[in-house]
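Student: Could you take me through the side chains inside this protein slowly, with a close look at how its rings and its nonpolar residues are arranged? I would like one connected explanation.

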Amino acid sequence: MHRQRKPTLNAYTSTVATSAEGAQAFPIPDNVFAETVTKVRHYTDRLFRFRTTRPASFRFRSGEFVMIGLPNAERPVFRAYSVASPAWDDELEFFSIKVPGGPLTEYLQKVKVGDTILMRKKPTGTLVIDALLPGKRLYLLSTGTGVAPFASLIRDPDVYEKFDEVILVQTCREVAELDYARELYEEVVNHEFLGELAAGKLRLYDSATREPHPRQGRVTDLIDSGKLFSDLGVLPFDPATDRAMICGSMAMIKDTKDRLEHFGLVEGANNAPNTFVVERAFVG
């Protein structure tokens, strides 16, 4: 389903890549892809998304992450970013936080269309459906930019083949920070092909912690109070039917993991599938 793409530069060459505004550009290092930014959108002063070209040879599973950087140093800084686009997409999408003074995001947040993004060639990660046992209902539990791998998964037809219900859960501090996931939900349900697969299966449940919203509180609070389940009209987590993925801050992962284990779910991995999985790779 991929169109032919022009081969990208590798090895040290005399070509100087176009880098983010205000940063000197350096030659492209060996053994990385050099891809071109095709689209940028800023949601808030803390969050933005961008899309890039996709290498013709690059393959990944929806939910995996890659290491990305910028050609702004002899030894570029790389950080882990979930690929937010699905495995079938002709481009790559990323959803990022802006960290003041961050060794990568300080510059990454300034990228514009035409700039160059560096990407290491090997994707990896545990937030893939192969790491879960078969089940009925899939919970995608996230905070902030932790929704990025789930942006990939909810646009993957295989997810709807394997689960009867897919519940995307996101908690953010501010209401505007929920816009990315809301747009994705609308994109999927109105998509010519995905919409038919996701009909009656995909559900979005979001909440805010610092601004008025119909659903307030951290995901762990909503689990503890039972509001998550009552709002959705489902029973609490059941290891016989429910599967879950978690992505967010380290504290959120630990606290949510504790809740799932309380209900009897067991953490899995690529080489040992089970009833829930977590991701511990973060940007900075």
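Tutor: Let us begin with Arg215, whose charged end sits over the ring of Tyr205, 5.2 Å from its centre; a charge counts as sitting over a ring if NZ of Lys or CZ of Arg is within 6 Å of the ring centre and within 35 degrees of the ring normal. Lys121 likewise lies over the face of Phe33, at 5.2 Å from the ring centre. This is a predicted model, in which local features need pLDDT of at least 70 and side-chain atom pairs count only at pLDDT 80 or more, while totals for chains, interfaces and linings use all residues. Residues are numbered from 1 along each chain as its sequence is written, and side-chain values use heavy atoms, with hydrogens and water left out.

Rings also meet other rings, and a search of the whole structure finds twelve aromatic pairs (rings of Phe, Tyr and Trp, the last by its six-membered ring, with centres within 6.5 Å; stacked if the planes are under 30 degrees apart, edge-to-face if over 60, and tilted otherwise). One of them joins Tyr43 and Tyr180 edge-to-face, at 5.8 Å centre to centre and with 75 degrees between the planes. Because Tyr43 lies in the loop between strand 1 (32-42) and strand 2 (47-53) whereas Tyr180 belongs to helix 4, this pair ties together parts that are 137 residues apart in sequence (helices, H or I of at least four residues, and strands, E of at least two, are DSSP runs numbered from the N terminus). Both Tyr43 and Tyr180 are buried, a word that means under 20% relative accessible area, with exposed meaning over 50% and partly exposed what is in between (1.4 Å probe, protein chains only). The pair of Phe58 and Phe60 is stacked, because the ring centres are 5.5 Å apart and the planes stand at 25 degrees. Phe58 is buried with a relative accessible area of 1%, and Phe60 is buried with 9%. Elsewhere, Phe48, Phe50, Tyr81 and Phe94 form one aromatic cluster.

Now follow Tyr180 into helix 4 (residues 179-189), where the buried residues are Tyr180, Ala181, Leu184 and Val188. They are on the same side of helix 4, because they cover an arc of only 95 degrees around the axis, taken from the directions from the helix axis to the C-beta atoms. Tyr180 also appears, with Leu140, Phe150, Ile154, Val166 and Met245, among the residues with the most contacts inside the largest nonpolar core, which has 32 residues; such a core is a set of buried Ala, Val, Leu, Ile, Met, Phe, Trp, Tyr and Cys residues joined through side-chain atoms within 4.5 Å. A second, separate core of 21 residues includes Val169, Ala244, Leu260 and Val278.

Leu260 has its place in helix 8 (residues 250-262) and counts as buried, at 0% relative accessibility. Not counting residues up to four places away in sequence, Leu260 touches Leu141, Phe237, Ala244, Ile246, Leu265 and Phe276, where contact means heavy atoms within 4.5 Å.

Finally, a word on confidence: pLDDT, the predictor's confidence in each residue from 0 to 100, has a mean of 91 for the protein, and 90% of the residues reach 70 or more. Over residues 1-16, however, pLDDT stays under 50. Where pLDDT is low, the predicted coordinates should not be read in detail.
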